[in-house]
Amino acid sequence: MTLSLEKSSISLLLLLFLAITTISSAHNITLILAKHPEFSTFNRYLTLTHLASEINRRQTITVCAVNNAAMGDLLDKHMSIYTLKNVLSLHVFADYFGSKQLHRITKGTTLTATLFQATGEAPGTSGYVNITNMKGKKVGFTTEDNDGHFSSNFVKSIQEIPYNISVIQLSNIITSPAAEAPVAAPADVDLIDLMSKKDEEPLAVYKIDKVLQPSELFKSQSINSDNSAMGPSSGADDGDGDSNDNGDTTNNNGGMIMNVDGGWFVTFVLSIGLVFG
Ligand SMILES: *[C@@H]1O[C@H](CO)[C@@H](O)[C@H](O)[C@H]1NC(C)=O
Ligand SMILES: *[C@@H]1O[C@H](CO)[C@@H](O)[C@H](O)[C@H]1NC(C)=O
Ligand SMILES: *[C@@H]1O[C@H](CO)[C@@H](O)[C@H](O)[C@H]1NC(C)=O
């Protein structure tokens, strides 16, 4: 009973393992594009932005590649790698569009979600691409929020593995102010976070200093209340050898205040000022 259970769970694990390895080796965008030198720049930037592994991980996907000349135009804008990632992720659709599907869009126009939308980086619906069948069998691509102008057209199919991955060529990069907007480098943000935390640390140490000083005050207070309970004699705590008492402990009522020598009181007030100032 237990043995058969174990056996079935093992075979289930094996099946799962096989499924995972099959999925991950189903397609490799780097290998697909490597056969076409005219897309070498696009291919290199898919790797640099880590979009390649994201594309390989997905089961149903369309990659819109542009040739080296079009990539050159994009790189001339000197965007950071993070902005480039947003721009290129707008060229990866979370749906399958082979040449056939592109030319047979229902009602001739559709909106499709891109990886830019999927990352959550896209404000509003700026991560959607409008695909429209135009005159003369042309297929135009534009951002969802467009003025009727299509910056990019379908050129040809590069490789299609229905319905896993379709790699097509577009004439140009799909222009998108949202995707091209400068983004803060995640690494820099982390650094700023770390730096502000470092700044906080000395403040925390200061707070511990202040906690220690009032606790000294409370100690002397408890000694005084003990004294008032036992009588005016202060010989017991003098016997502890507290050399920094400065002989002020003898006073019962004003004892607490008298205990705090001038220096301590000033640092206490000063530290309070530092905390709340
Ligand atoms: C498509 O992907 C599935 C799942 O990864 C795989 O089983 C299938 O063989 C792939 N199809 C082709 C044609 O490679
Ligand atoms: C895809 O191919 C490239 C180039 O051969 C290789 O470096 C990379 O490891 C492959 N990726 C996967 C997921 O197999
Ligand atoms: C795509 O854009 C064109 C031009 O602005 C517009 O006419 C069409 O309705 C849009 N399609 C969708 C599905 O929004």
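## Asparagine 56 in helix 4

A helix here is a DSSP run of H or I with at least four residues, numbered from the N terminus. Asparagine 56 belongs to one of these, helix 4, which spans residues 51-57. Please keep in mind throughout that this is a predicted model.

Is asparagine 56 buried or exposed? Its relative accessible area is 14%, and buried means under 20%, so asparagine 56 counts as buried. The side chain of asparagine 56 also has a polar partner: one of its polar atoms lies 2.9 Å from the backbone nitrogen of isoleucine 29.

## The chain as a whole

Let's step back to the full chain. It has 277 residues, and 32% of them are buried. Its secondary structure amounts to 13 helices and 7 strands.

Among contacts with a separation of 6 or more, 60% join residues that are 24 or more positions apart. The chain exposes about 16800 Å², of which 61% comes from carbon and sulfur atoms.

## The buried side of helix 5

Helix 5 runs over residues 68-75, and its buried residues are Ala70, Met71 and Leu74. Why do they lie on the same side of helix 5? Because they cover an arc of only 100° around the axis. A general rule helps to picture this: an α-helix has 3.6 residues a turn, so residues three or four places apart point the same way.

The cover over the buried residues of helix 5 includes helix 3 (40-48) and helix 6 (81-89).

## Around ligand 3

Which residues surround ligand 3? They are Thr109, Thr110, Leu111, Asn130, Thr132, Asn146, Gly148 and Phe150. Sorted by class, this shell holds 6 polar and 2 nonpolar residues, with no charged residues.

Three side chains in the shell offer N or O atoms to look at in your viewer. In the side chain of threonine 109, such an atom is 2.8 Å from a nitrogen atom of ligand 3. For asparagine 130, the distance from a side-chain N or O atom to an oxygen atom of ligand 3 is 2.3 Å. With asparagine 146, an oxygen atom of the ligand is 2.5 Å from a side-chain N or O atom. On its own, ligand 3 has 360 Å² of accessible area, and the protein covers 54% of that.

Which elements give two or more residues to this shell? They are strand 3 (109-113) and strand 4 (128-133). Strand 3 supplies the largest share, with 3 residues.

Methods: Residues are numbered from 1 along each chain as its sequence is written. Chains are lettered from A and ligands numbered from 1 in the order in which they are written. This is a predicted model: local features need pLDDT of at least 70, side-chain atom pairs count only at pLDDT 80 or more; totals for chains, interfaces and linings use all residues. Side-chain values use heavy atoms; hydrogens and water are left out. A residue is near a molecule or strand if one of its heavy atoms lies within 4 Å of it. A polar contact is a pair of N or O atoms within 3.5 Å; within protein, one must be able to donate a hydrogen and the other to accept it, and residues adjacent in sequence count only if both atoms are side-chain atoms. Accessible areas come from the Shrake-Rupley method with a 1.4 Å probe; for residues, only the protein chains shown count as cover. Ala, Val, Leu, Ile, Met, Phe, Trp, Tyr, Cys and Pro count as nonpolar, Asp, Glu, Lys and Arg as charged, and the others, Gly among them, as polar. Buried means under 20% relative accessible area, exposed over 50%, partly exposed in between (1.4 Å probe, protein chains only). The arc is that of the directions from the helix axis to the C-beta atoms. Contact means heavy atoms within 4.5 Å.
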